[in-house]
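Trainee: Could you walk me through reading the features of a protein model? I would like the general idea each time, and then the case in front of us.

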Amino acid sequence: MATKKNIITVGRRKSSVARVFITKGSGKITINGKDLKKYFPLQFMQDALMKPLRTLDMADTFDVSVNVNGGGIKGQTDAITLAIARALVQDNAENKPALRAERLMTRDARVVERKKTGLRKARKREQYSKR
């Protein structure tokens, strides 16, 4: 295993950007200086963040420190998940097929469509009146 001292990667989703710093350690995860369970109290979000580490059975191998900003909690969760998966591939390229099989390596490019002039929202318009 060709582990570097400190691995830094970026993950993005919607308008969220996550910078992840991974080092060898005991499995501690901090997000913006807070513990994982305090920053994301919902269990399904904690599970989503741990999925790349659990897929490779490395949940207790690395310490993860995250700086994330922008967007909502779901976008931030997905951005962090992508960044962790990228960091694990940067650590060892043999991890990529297993992570790709779980769909953790693909950046979800969907973002909010911009509002157009003359419309209420991106596509919503005034009701058409024939007479």
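Mentor: Gladly! Let us begin with a term: contact means heavy atoms within 4.5 Å. Keep in mind too that this is a predicted model.

Trainee: Which residues does L53 touch, not counting residues up to four places away in sequence?

Mentor: L53 touches I29, M58, A59, F62, V64, I84 and L88.

Trainee: How many residues has the largest nonpolar core, and which have the most contacts inside it?

Mentor: The general idea comes first: in soluble globular proteins, nonpolar side chains tend to be buried together. Here the largest nonpolar core has 31 residues, and I31, L53 and I80 are those with the most contacts inside it. At least two residues of this core come from each of β2, β3, α1 (36-39), α2, β5 (62-69) and α3. The element that gives the most is α3, with eight residues.

Trainee: Now the strands. Which residues of β5 are on its covered face, and which on its uncovered one?

Mentor: In a regular strand the side chains alternate between the two faces of the sheet. For β5, F62, V64, V66 and V68 form the covered face, while D63, S65, N67 and N69 form the uncovered one. Try β1 (residues 7-13) as well: I7, T9, G11 and R13 are on its covered face, and I8, V10 and R12 on its uncovered face.

Trainee: In which sense does each pair of strands run, parallel or antiparallel?

Mentor: Take the pairs in turn. β1 and β2 (residues 16-24) pair in the antiparallel sense over seven bridges, with R12 having V17 in β2 as its bridge partner. β2 and β5 also run antiparallel, joined by eight bridges; there, R19 has N67 in β5 as its bridge partner. β3 and β5, in contrast, are parallel, with three bridges, and T30 stands opposite S65 in β5.

Trainee: What is there to notice in the hairpin of β1 and β2?

Mentor: Two residues lie between the strands of that hairpin, and K14 takes a positive phi near 50°.

Trainee: Does one read single residues in a similar way? For instance, why does Q46 count as buried?

Mentor: Start with the cut-off: buried means under 20% relative accessible area. Q46 has 7% relative accessibility, so Q46 counts as buried. Its place is in helix α2 (residues 43-55). Leaving aside neighbours within four places in sequence, Q46 is in contact with L36, K37, F40 and P41.

Trainee: And why does G27 count as partly exposed?

Mentor: Partly exposed is the class between buried, under 20%, and exposed, over 50%. G27 is at 24% relative accessibility and therefore counts as partly exposed. G27 sits in the loop between β2 and β3 (29-31). With neighbours within four places in sequence left aside, G27 contacts A59, D60, F62 and D63.

Trainee: Last, pockets. What volume has the largest pocket, and which residues lie nearest its centre?

Mentor: Rolling a probe the size of a water molecule over the atoms shows where empty space is left. In this model the largest pocket has a volume of about 270 Å³. Its lining has 13 residues, of which D78, T81, R103, L104 and T106 lie nearest the centre. By class, the lining has three nonpolar, two polar and eight charged residues. β1, α2 and α3 (73-91) each supply at least two of the lining residues, and the largest share, three residues, comes from α3.

Definitions and conventions
Residues numbered from 1 in each chain as written. Predicted model: local features only at pLDDT ≥ 70, side-chain atom pairs only at ≥ 80, totals over all residues. Heavy atoms only, no water. Helix = DSSP H or I, 4+ residues; strand = E, 2+ residues; numbered from the N terminus. Buried < 20%, exposed > 50% of the residue type's maximum accessible area, 1.4 Å probe, protein only. Pairing = 2+ DSSP bridges. 1 Å grid on protein atoms, 1.4 Å probe; cavity = no way out; pocket = protein on both sides within 12 Å on 5 of 7 lines; lining within 4 Å. Points joined across faces, edges and corners; volume = space filled by probe spheres on them. Nonpolar A, V, L, I, M, F, W, Y, C, P; charged D, E, K, R; others polar. Core = buried A, V, L, I, M, F, W, Y, C linked by side-chain atoms within 4.5 Å.
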